[in-house]
Each structure stands twice: as C-alpha cells, then as structure tokens.
Amino acid sequence: MFDISIDLAIPDSEIEWTAIRAQGAGGQHVNKVASAVHLRFDVKASSLPDEVKARLLQLRDHRISREGFIVIKAQESRSRERNKTVALDRLRALINTAAVRPKARKPTKPSRAAHHRRLTEKAKRGRLKALRGKAEGE
C-alpha cells in the first residue's frame with residue numbers, strides 16, 4: 001500500500017512502473033542502464049474516492065492525459081530506486097492537491113456606506129473631468 005495521507009492510500013498494484021533510459025548527456029555506462037522511471041497511474045480505475053478522482057481529473061496538469069492516466073517521469077538521480085521515490089513523491093503531491101476540498105464561496109454584498117462612498121466619488125470624478133473641456137467663452 002502506498003500511503004498518500006492519513007486517510008488515503010492506494011494499492012501498489014494500481015501503479016505501473018517502466019524503467020527507461022534517462023535523457024541528457026552521455027558518459028560511461030549511461031547508454032546501457034535504464035535508471036529513469038515512468039510511473040503510470042489510472043485515475044478512473046483507481047480505488048480513490050469519487051470526489052478526489054473528479055477533482056484530480058479537473059486539474060490542469062500536463063501529466064494527466066485526457067484518458068485519465070497520470071504519467072510521471074523521474075530521471076534526476078542515477079539510482080532507479082531514488083527515481084522511484086521521487087516519482088512517488090510527485091504522485092503524492094498531485095493527489096494531495098486534489099484531496100483538499102475547496103472552500104465554498106460565500107457571496108458578499110458591499111455595505112450601504114461603501115456603496116454611497118463609491119457613487120459620491122464617481123460623481124466627484126465626473127465633475128472634475130467635465131472641467132477639463134474647453135471654456136465656453138472661447
């Protein structure tokens with residue numbers, strides 16, 4: 001089980017791993033070792049709660065495909081295990097952002113005094129701008 005938060009966890013079987021060769025400059029041994037990893041997670045078929053799934057699919061993130069798959073590539077380290085840890089941390093952060101329920105917006109209304117102040121300021125500004133025109137005697 002992969003723990004995301006105190007009350008969220010997903011089974012390891014829902015995460016697919018693929019080892020790939022890392023991009024970047026070459027060097028000794030670099031073209032022989034697949035140390036980078038692709039993490040693939042199917043949001044729609046996962047065991048996450050439905051509301052978390054919905055918010056996760058609504059996120060505007062390039063790592064989430066239209067089909068509902070999260071694909072994370074990690075290649076920072078030369079160690080495959082470290083790259084797996086980095087990819088899992090990124091997945092955890094992404095799911096945690098979707099797990100937070102957004103605050104409901106409470107519609108507000110300006111007070112009567114604020115409304116009055118705005119209108120008097122508007123009238124004052126209009127009179128000032130009207131004085132900028134040409135004088136009538138010219």
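These questions and answers walk through a predicted model, from its sheet to its helices and core.

User: In what order do the three strands of the open sheet stand?
Analyst: Three strands form an open sheet. Their pairing is antiparallel. The twist from one strand to the next averages 20°. The order is β3-β4-β5.

User: Which strands stand at the edges of this sheet?
Analyst: The order of the sheet is β3-β4-β5. An edge strand here has a single partner strand, so one side of it is left without a neighbour in the sheet. The strands at the edges are β3 and β5.

User: How many bridges join β3 to β4?
Analyst: Strand β4 covers residues 36-42, and β3 and β4 run antiparallel. E16 has R40 of β4 as its bridge partner. W17 stands opposite L39 in β4. The number of bridges joining β3 to β4 is six.

User: Which residue in β5 stands opposite D42?
Analyst: β4 and β5 pair in the antiparallel sense. Six bridges make up this pairing. Opposite D42 in β5 stands F69.

User: Is S35 buried or exposed?
Analyst: S35 lies in the loop between β3 and β4. Its contacts beyond four places in sequence include I20, A22, S77 and R78. The relative accessibility of S35 is 11%, and buried means under 20%, so S35 counts as buried.

User: At what angle do the axes of α1 and α2 cross?
Analyst: Helix α1 spans residues 50-58 and helix α2 spans residues 80-99. Their axes come within 8 Å. The crossing makes α1 roughly perpendicular to α2. The angle is roughly 110°.

User: Which residues of α2 make the contact with α1?
Analyst: From α1, the contact uses V52, R55 and L56. By class, the contact has six nonpolar, no polar and one charged residues. From α2 come L94, I95, A98 and A99.

User: Which residues of α1 are buried?
Analyst: What covers the buried residues of α1 includes β5 and α2. Strand β5 covers residues 69-74. V52, R55 and L56 also take part in the contact with α2. The buried residues of α1 are V52, K53, R55 and L56.

User: How many residues does the largest nonpolar core have?
Analyst: β4, α1, β5 and α2 each supply at least two residues of this core. The residues with the most contacts inside it are I10, F41, L48, L56, I70, L91 and I95. The core has 22 residues.

User: Which element gives the largest share of this core?
Analyst: Several elements contribute, among them β4, α1 and β5, with at least two residues each. The largest share is six residues. That share comes from α2.

User: Which residues is I10 in contact with, leaving aside neighbours within four places in sequence?
Analyst: I10 is one of the residues with the most contacts inside the largest nonpolar core. Neighbours within four places in sequence are left aside here. The contacts of I10 are then M1, F2, I4, I15, F41, S47, L48 and L91.

User: What is the relative accessible area of F2?
Analyst: F2 sits in strand β1, residues 2-3. F2 touches A9, I10, D12, I15, L88, L91 and R92, not counting residues up to four places away in sequence. F2 is buried, with a relative accessible area of 6%.

User: How many Å separate the C-alpha atoms of F2 and I15?
Analyst: F2 and I15 are 13 residues apart along the chain. F2 touches I15. Their C-alpha atoms are separated by 9.3 Å.

User: Is D12 buried, partly exposed or exposed?
Analyst: D12 has its place in the loop between β2 and β3. D12 touches M1 and F2, not counting residues up to four places away in sequence. The relative accessible area of D12 is 48%. Exposed means over 50% and buried under 20%, so D12 is partly exposed.

User: What is the C-alpha to C-alpha separation of D12 and M1?
Analyst: D12 touches M1. The two are eleven residues apart in sequence. In space, C-alpha to C-alpha, they are 5.3 Å apart.

User: Is P102 buried or exposed?
Analyst: P102 lies in the loop between α2 and α3. The C-alpha atoms of P102 and S77 are separated by 35 Å. The relative accessible area of P102 is 56%, and the cut-off is over 50%, so P102 is exposed.

Note on methods. Residues numbered from 1 in each chain as written. Predicted model: local features only at pLDDT ≥ 70, side-chain atom pairs only at ≥ 80, totals over all residues. Heavy atoms only, no water. Axes fitted to C-alpha atoms, helices over the stretch in contact; angles between N-to-C directions. Helix = DSSP H or I, 4+ residues; strand = E, 2+ residues; numbered from the N terminus. Parallel < 35°, antiparallel > 145°, perpendicular 65-115°, else oblique. Contact = heavy atoms within 4.5 Å. Nonpolar A, V, L, I, M, F, W, Y, C, P; charged D, E, K, R; others polar. Buried < 20%, exposed > 50% of the residue type's maximum accessible area, 1.4 Å probe, protein only. Pairing = 2+ DSSP bridges. Core = buried A, V, L, I, M, F, W, Y, C linked by side-chain atoms within 4.5 Å.
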